[in-house]
Amino acid sequence: MNKPDRVRPSCRTLLIGLALAAGGALSVAAEPVTAPHGAMQMPEQQKRLDQLISGRTTPPPGVDPVAWASIYVPADNALTAERIALGRKLYFDTRLSKDGTLACATCHDVSRGFTDHRSVSEGISDHLGKRSAPTTMNAALMQSQFWDGRAASLEEQAKLPILNPIEMGHPDAASAMAGVSKDPAYQSQFQKAYGHAPNYEDLGRALASFERTLIFLDAPFDRFAAGERSALSAAAQRGLELFNGKARCVSCHMINSSNPLGTDNRFHNIGVSARKQNFEALASQAFGILKQNTDPQALDKLALETDMSELGRFLVSKQRQDIGSFKTEQLRNVGLTAPYMHDGSLHTLWDVVDHYNKGGESNAYLDGGIEPLNLSENEINDVVAFLFALTDQRFSAQNEAAFREQQALAAKNRPFRDNALAHRQMLPFEQRVMGAAGLK
């Protein structure tokens, strides 16, 4: 079986972090056995979830009530306690995978920042996809779902992994519903939640309802913004100033009360993986395939099973300017969700800032806003300190453990640091035209 490919806190460390964040309510004397694919066992995940959320149907703190009712919760899937309970049960049910080894919570593990801490996710029969699993925390507040935005809503997103052959593997909706439909408990829950017998559309709607309870927006940054000046360390305060200024993060990651996630919800080519991909050849191949089949499941397979995954938003829009572009991900709880980017190629937040500091990876489709930043080492540390201050207080101990681990990893290896490019001692075109030595 493929193992997680980044250094991360041990299961025991994560349990300790959650216990401390919850006021020490958890016992960590016995470390639980992991489930298939390395996830925490589903009952253990549910215990931890009980300490984090209440399954509320009202607008969550930190979200404008009017926006919640009019934008984030669709009129045909109003939040009710019955729908949330049904969606929660489905989220942790391994019967939604063909071989009974995966649930939604396998790749969106409560103990791992609601992701899986892998560069690319592992599905049935040890199949590996092409993309990293985004967190389900705050996914309800995103304007589109998946790295390329191919699903417009949580309801649409929830149904696709179940039918993807290398994710949960069911060949069709009937197969996915077979075990669920025969379960008397599910029959009763679907009837109470939606007034129907179990069916695939309501399954997606229920999962979306549950995910709308996973809102985590109570971070030190929020207390600082509300006037508590001591909520951020001096380093994090300097990082915030850089974030809004020299580091130019705010260009795509604006964060405020009306946009709490820190994303522009747009798609950008920032050069991730550009050094190893032939975008032109991939785009030509994908365009030929997409002209013949525009079915959502066909698009899903291209995005997760082929090298055409690297085309990003182009697979959805078929617009040349979207080649190699991926969604601007949220910054909330970012300290918990490594590795980073669509391919999980950046293992620490130091790697992320190093990538931007040198101006990304040069390619013909690089976003025009990506350029060298000339950040010093101390400034990089300050930006990272601020990014860790965006984690909800319910994960404070886990966040601190992640910071220490990333810091130790960055002290040993900084594979994306390039001071010559970052400080404009060399320009990107020099290496392309003159070779590694540049113009010197």
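This report describes the folded chain shown above, moving from its overall make-up to its cores, one helix pair, one loop residue and its salt bridges.

**Overall make-up**

The structure is a predicted model, and its secondary structure comes to 19 helices and 2 strands. The protein has 440 residues, of which 56% are buried. If one takes the contacts between residues with a separation of 6 or more, 69% of them are accounted for by residues that lie 24 or more positions apart in the sequence.

**Two nonpolar cores**

The largest nonpolar core holds 51 residues, and the members that touch the most other members are Leu-90, Phe-114, Ile-162 and Leu-203. At least two residues of this core come from each of the helices α2 (42-52), α3 (65-72), α4 (81-91), α5, α6, α7 (173-181), α8 (184-194) and α9 (200-211). Which helix gives the most to this core? That helix is α9, with 6 residues. There is also a second, separate core of 39 residues, and among its members are Leu-232, Leu-331, Val-352 and Phe-403.

**A pair of helices in contact**

Two packed helices are described by the angle between their axes and the distance between those axes. For helix α11 (residues 234-243) and helix α16 (residues 377-388), the axes come within 7 Å and cross at roughly 100°. The two helices α11 and α16 are therefore roughly perpendicular to each other, since angles of 65 to 115 degrees are counted in that way. On the side of α11 the contact is made by Ala-235, Ala-236, Arg-238, Gly-239, Leu-240, Leu-242 and Phe-243, while α16 brings Glu-379, Asp-382, Val-383, Ala-385, Phe-386 and Leu-387. Sorted by character, the residues of this contact are 9 nonpolar, 1 polar and 3 charged.

**A residue in a loop**

Gln-145 has its place in the loop between α5 (104-107) and α6 (154-163). Is this loop residue, Gln-145, buried or exposed? Gln-145 counts as buried because its relative accessibility is 7%, and buried means under 20%. Leaving aside residues up to four places away in sequence, Gln-145 touches Ala-139, Arg-150, Ala-151, Ser-153, Leu-154, Gln-157 and Lys-327.

**Salt bridges**

The structure holds 26 salt bridges, and the table lists some of them with the distance between the N and O atoms.

| Residues | N to O distance |
|---|---|
| Glu-44 and Lys-47 | 3.5 Å |
| Lys-358 and Glu-361 | 3.0 Å |
| Asp-392 and Arg-394 | 2.9 Å |

Glu-44 and Lys-47 are both in helix α2, and because they are 3 residues apart there, about one helical turn separates them. Glu-44 counts as buried at 19% relative accessibility, whereas Lys-47, with a relative accessible area of 46%, is partly exposed. In the salt bridge between Lys-358 and Glu-361, Lys-358 is buried and Glu-361 is buried as well. In the salt bridge between Asp-392 and Arg-394, Asp-392 is buried, with a relative accessible area of 0%, while Arg-394 is partly exposed at 25%. Elsewhere, salt bridges that share partners join Arg-131, Asp-148, Arg-150 and Asp-300 into one network. One of these residues, Arg-150, belongs to that network and is also among the residues touched by the buried Gln-145.

Technical notes:
Residues are numbered from 1 along each chain as its sequence is written. This is a predicted model: local features need pLDDT of at least 70, side-chain atom pairs count only at pLDDT 80 or more; totals for chains, interfaces and linings use all residues. Side-chain values use heavy atoms; hydrogens and water are left out. Axes are lines fitted to C-alpha atoms, for helices over the stretch in contact, and angles run from 0 to 180 degrees between N-to-C directions. Helices (H or I, at least four residues) and strands (E, at least two) are DSSP runs, numbered from the N terminus. Angles under 35 degrees count as roughly parallel, over 145 as roughly antiparallel, 65 to 115 as roughly perpendicular and the rest as oblique. Contact means heavy atoms within 4.5 Å. Ala, Val, Leu, Ile, Met, Phe, Trp, Tyr, Cys and Pro count as nonpolar, Asp, Glu, Lys and Arg as charged, and the others, Gly among them, as polar. Buried means under 20% relative accessible area, exposed over 50%, partly exposed in between (1.4 Å probe, protein chains only). A nonpolar core is a set of buried Ala, Val, Leu, Ile, Met, Phe, Trp, Tyr and Cys residues joined through side-chain atoms within 4.5 Å. A salt bridge is a side-chain nitrogen of Lys or Arg within 4 Å of a carboxyl oxygen of Asp or Glu.
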